[in-house]
Amino acid sequence: MRDMAAGPRVLLRRLRELMAEALEPQERLDRIVREIASNMVAEVCSLYVLRADSILELYATEGLNPGSVHLAQLKLGQGLVGTIAASARALNLSDAQRHPAFAYLPETGEEIYNSFLGVPVLRAGRTLGVLVVQNRTMRQYRDDEVEALETIAMVIAEMIATGDLARLTRPGLELDLSRPVSFSGLPLNDGVGLGHVVLHEPRIVVTNLFNEDTDAELERLGEALGSLRLSIDDMLSRREVAFEGEHREVLEAYRMFANDRGWVRRLEEAVRNGLTAEAAVEKVQSDMRARMLHMTDPYLRERMSDFDDLANRLLRQLMGRGPEALASLMNRDAIIVARQMGAAELLDYPRDKLRGLVLEEGAVTSHVVIVARAMAIPVTGQMKGVVSMSENGDAIIVDGEEGRVHLRPQSDVEAAYAEKVRFRARRQELYRELRDKPSETKDGVHIDLMMNAGLAVDLPQLTEAGAAGIGLFRTELQFMVAATFPRAEAQERLYRDVLEAAGWKPVTFRTIDIGGDKVLPYFKGAGQEENPALGWRAIRLTLDRPGLLRTQIRALLKAAGGRELRVMLPMVTELSEIDAARDIFDREVRHLARFGHHLPTSFKLGAMLEVPSLLWQLDELMEKVDFVSVGSNDLFQFVTASDRGNTLLADRFTPLSVPFLRLLRQVTRAGTRHETPVTLCGEMAGRPLPAMALLGVGFRSISMSPAAIGPVKAMLRDLPLDLLTALIDETLDRTGEHVDIRALLVGFAQEHDISL
Ligand code: PEP
Ligand code: MG
């Protein structure tokens, strides 16, 4: 047996030469398996490739019957080869025929071979085929031989991924890699996007697989690992993560892994076998991912996923995903595909080519999703396996309405979606035409349609959607997308930009509403709470951390110099909280005045009505504040005692019910009695039918996501409000039998030809 240490290097050099030669694909493959067999002193070397119909087809062989190429085939899970493909694990057997999974394929003539080494051909954790060597003698292949064959399998994976073998497929029998795949998951932001995959996590390209100089490459790897460790230490020592918390734990785990000897050894070994440092990282990452896919223990999966993140970081260090690389990927309609992503990272992509976002993880409340919503791009989440199934440049459709993704769609699916996009565009066009028409009901009642916002990216929507102003500016979003607490100057700058963009239109800022599900990684908060939604959050938290509130209030007062400032408080439970917040405002006003600052011309303080306790002190509330804004998302969850994020309860209870509408009517009536303006800024306001109900119970101002303004305006311009109010009043005043409010409203809309 030849010394294997030099083996893979020599072999990789030969493979590189073969790749560069002008050969027909079959010829190239035949020569590759011949080289492998001779280099590894094996009598047989065969390559099986996974087809779209889950069959492993023999694509090339040295040693087995050449007539069986493209004829011999095994199902995924069948025989040794099928087992390797299904488990993504190598099999190293000295007596293959005694293995329970052994399946004899008579056409290949393999019965005379005893020892067998097969490795999966993996790319990004996904199996594309199986590479096998066999010998007559009964022998156990050494670990370095397994490693060598895996390294070569990686090169073959690149060949398959770059479409080299596509010409060898028979019509109708496509490779698994180019198979159209559909995924179902969560719809996270409405809209439909067609475009091409841009993988957020870097993936290496075939040109830089082989190293020229092992020592130099080991040095590169060492340096990259060194700077990776330094950057983690640096992140850990920063003041904002200096306290305990989840973020810190993740970083600690990264630090541990970055020093993990097993990981580093595997990387170095791959480089010694002839790969470049980045190819080595991808190889080790790919093995890890493949194992992760077959792992059920959630803790271990989580740890593996930390390793995966770390490998991505290391790849970025090595490859430095330069602006040119990104620019070439982003030069046409792009759909970002990622396992998960930080909110700020999404903002790094050029907005004009972004058509969608697909996440393997992700939930309605993920920060990146909040940002994507603000940017009005369709998003889907919980798309298991989408990253490893995708290649940069693959055609892809994201359906944020249904929560579906179609990768490499067939032409009929693509045509259907293109039609859907055209239909949506026509509807948008209609809404745009409505933009400059008065926001008035059919019987002439003016309604203020405001928009919800939270980031600078939202601002262009103010004019595009034709909103009357910003009814809710969620200031916590700036805190959520940042890596550390935004400084006072950054807060002031954002508020100033918002007010400038709004011009004469009113803007209502809400003081930071963190806690509950809005977690800041750099802020410890209350730690693990049993009921976070009922916990230390919003105004409760900021009154206990007055420094936080004071800084924000000062930034708001300074930003609004010379104009009106409107601020509201989230999650008010007792009226004394409003007094406490007002005290802080007064103190800040005095402070700024003393230093000669330009102050707002007027100041309006409002409360959000989200906690039911306020319902029994409505008169006192209306007297105390300048305005009230109903946060129907939270109010509804507390009134019905049902978690707003729990999908099992999502359709169980509806705000379109007699009790909830009675409650809302009570609020608008209290507002009228005290001449205190009342508005509503929860999701209810953003759908035409519930919005119609809101107008029916007395709201004359509602605030919603900008995309909802068009449809709601279309509805209200058809609406005879006096008739609706009479119908709703009559229904709510009646006691006795159950009324299906939704059906009642749909009937009313049909009768009066109201567009919903
Ligand atoms: C609400 O609760 O209705 C609301 C508008 O606030 P958020 O959704 O930010 O909790
Ligand atoms: Mg709320």
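A residue counts as near a molecule if one of its heavy atoms lies within 4 Å of it. That cut-off is behind the first view of this predicted model.

**View 1. Who sits around ligand 1 in the predicted model.** The shell holds 14 residues, and the ones that come nearest are Arg474, Arg510, Glu610, Asn633 and Arg644. By residue type, the shell splits into seven charged, four polar and three nonpolar residues.

**View 2. Backbone atoms of Ser632, Asn633 and Asp634 facing oxygen atoms of ligand 1.** Zoom in on Asn633 and you'll find a polar backbone atom 2.8 Å from an oxygen atom of the ligand. For Ser632, a backbone N or O atom is 3.1 Å from a ligand oxygen. Asp634 also has a polar backbone atom 3.1 Å from an oxygen atom of ligand 1. As for cover, ligand 1 on its own has 290 Å² of accessible area, and the protein covers 98% of that.

**View 3. Elements and domains that supply the shell.** Two elements give two or more residues each to the shell around ligand 1: β16 (470–474) and α22 (632–639). The largest share, three residues, comes from α22. At the domain level, domain 4 (475–609) and domain 5 (631–756) each put at least three residues into the shell.

**View 4. How the chain is carved up.** Going along the chain, there's domain 1 (6–177), then domain 2, which comes in two pieces (180–202 + 325–424). Domain 3 covers 214–319, and domains 4 (475–609) and 5 (631–756) complete the set. Taken over C-alpha atoms, the centres of domain 1 and domain 4 are 62 Å apart.

**View 5. Where to trust the prediction, and where to be wary.** Mean pLDDT for the chain is 88, with 93% of residues at 70 or more. Residues 1–5 have pLDDT below 50, and this stretch has 14 contacts in the model beyond near neighbours in sequence. Residues 239–246 are also below 50, with 13 contacts counted beyond near neighbours in sequence.

Notes. Residues are numbered from 1 along each chain as its sequence is written. Chains are lettered from A and ligands numbered from 1 in the order in which they are written. This is a predicted model: local features need pLDDT of at least 70, side-chain atom pairs count only at pLDDT 80 or more; totals for chains, interfaces and linings use all residues. Side-chain values use heavy atoms; hydrogens and water are left out. A polar contact is a pair of N or O atoms within 3.5 Å; within protein, one must be able to donate a hydrogen and the other to accept it, and residues adjacent in sequence count only if both atoms are side-chain atoms. Accessible areas come from the Shrake-Rupley method with a 1.4 Å probe; for residues, only the protein chains shown count as cover. Helices (H or I, at least four residues) and strands (E, at least two) are DSSP runs, numbered from the N terminus. Ala, Val, Leu, Ile, Met, Phe, Trp, Tyr, Cys and Pro count as nonpolar, Asp, Glu, Lys and Arg as charged, and the others, Gly among them, as polar. Domain bounds come from an automatic or database domain assignment. pLDDT is the predictor's confidence in each residue, from 0 to 100. Contact means heavy atoms within 4.5 Å.
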